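Please open the structure in a viewer and set the display to show side chains. The tour below proceeds by selection, with a description of what is found at each stop.

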Amino acid sequence: LEANPDDLSPEYLSILSSLPFNRISIGIQSFNDDELKSVNRRHTANQAIRSVTDARKAGFQNISIDLIYGLPGQNMEQWKTNLKQAFTLEPEHISAYGLTYEEGTGLWMQRKKGLITETPDEVMLQMYRFMLLQMNEKGYEAYEISNFAKPGFRSQHNSSYWQMIPYLGAGPSAHSFNGNERHWNISSLVNYMKALESGSIYTEGEQLTENDACNEYIMVRLRTLEGIDTEDLLHRFGTAYFDWLFLQAEKYIQSGHLNHEQKHLFLTPEGIEISNIILSHLMKTD
């Protein structure tokens, strides 16, 4: 279950803990009120902390929290403070993402108007490196570029995405994947309910080409600790894609940004820092 801190009252958590799931993921993003306001979050730092402690009291023993670094105005010391607070709560899992500015969003428009300043790339890199050191010190495994887990607490839900396992999404905005097609439900709750009641269409979809599927496989698998299972890729997509991958990957293997060991191709620590560049070169165009 994914939830926002301001939605998690003790009474609601007690109800949730009686249902047949054992993991709750709380979208905290920051423990700094000014930082939360900068990205238009409704909750406060105190609500974020209380939501985790209340979830623990309600009986949840598998708690994940989401954090974002590189928020507008955030410096290195503030990021260190956020991590310190996160570790104090002792969640079993932490997802931590660097802020990106998607064209057309409110944040993107604010940056364009000069109302907020983007964190420099070199500071983002310092934040990521510090986080890796701290996660390792606190016993969290970096099993995906942005996901860290205590032993035995990897997210089975997210791991299904990275392994291209089919999944079904229910509710507004939910996405589904059957191995060949993607479907997404309309985002409006009102229109979604009306569509269900009337029996009309409430979803859109797309058929993945083999090229799309292979590129997506490479993208999601390379972000994980184990990387790309090259035998699995050969089985799924054939020799043409297999040969293309290694043709493109060779220079990064030679430079020490990729490793190829025991039939797995994976990013080295240096490769993680330029993962977007590497991934763009491994993508095959039609």
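Begin with Gln29, which is buried, its relative accessible area being 10%. The model is a predicted one. Gln29 belongs to strand β2, which spans residues 24-29. Inspect the backbone there: phi of Gln29 is near 75°, a positive value in a residue that is not glycine.

Next, select Met164 for a second positive phi. Met164 is not a glycine, yet its phi is about 60°. The residue is placed in the loop between α7 (156-162) and β7 (175-177). Is Met164 buried or exposed? Its relative accessible area is 10%, under the 20% limit, so Met164 is buried.

Now turn to the nonpolar interior. In soluble globular proteins, nonpolar side chains tend to be buried together. The largest nonpolar core here comprises 58 residues. Select Ile24, Ile65, Leu67 and Met131, the residues with the most contacts inside that core. A separate core of eight residues lies apart from it, and Val39, Leu71, Leu99 and Tyr101 are among its members.

Keep Leu67 selected and display its surroundings. Neighbours within four places in sequence being left aside, Leu67 is in contact with Gln29, the residue at which the tour began, and with Ile28, Ser30 and Phe31. Its other contacts of this kind are Trp79, Leu83, Ala86, Ile94, Ser95, Ala96 and Tyr97.

Proceed to the helix pair α10 (residues 230-237) and α11 (residues 239-255). Which angle do these two helices make? They pack at about 140°, and their axes are 7 Å apart. The helices α10 and α11 are therefore oblique to each other; the roughly antiparallel class would require an angle over 145 degrees.

To view the contact itself, select Thr230, Leu233, Leu234 and Phe237 on the α10 side, together with Thr239, Tyr241, Phe242, Leu245 and Phe246 on the α11 side. Colouring by residue class shows seven nonpolar, two polar and no charged residues in this contact.

End with Phe246, located in helix α11. Its relative accessibility is 17%, and Phe246 therefore counts as buried. Outside the four neighbouring places in sequence, Phe246 is in contact with Thr230, His260 and Leu265. For a final distance, select the C-alpha atoms of Phe246 and Asn178: these residues are 68 residues apart along the chain, and the two atoms are separated by 28 Å.

Terms used. Residues are numbered from 1 along each chain as its sequence is written. This is a predicted model: local features need pLDDT of at least 70, side-chain atom pairs count only at pLDDT 80 or more; totals for chains, interfaces and linings use all residues. Side-chain values use heavy atoms; hydrogens and water are left out. Axes are lines fitted to C-alpha atoms, for helices over the stretch in contact, and angles run from 0 to 180 degrees between N-to-C directions. Helices (H or I, at least four residues) and strands (E, at least two) are DSSP runs, numbered from the N terminus. Angles under 35 degrees count as roughly parallel, over 145 as roughly antiparallel, 65 to 115 as roughly perpendicular and the rest as oblique. Contact means heavy atoms within 4.5 Å. Ala, Val, Leu, Ile, Met, Phe, Trp, Tyr, Cys and Pro count as nonpolar, Asp, Glu, Lys and Arg as charged, and the others, Gly among them, as polar. Buried means under 20% relative accessible area, exposed over 50%, partly exposed in between (1.4 Å probe, protein chains only). A nonpolar core is a set of buried Ala, Val, Leu, Ile, Met, Phe, Trp, Tyr and Cys residues joined through side-chain atoms within 4.5 Å.
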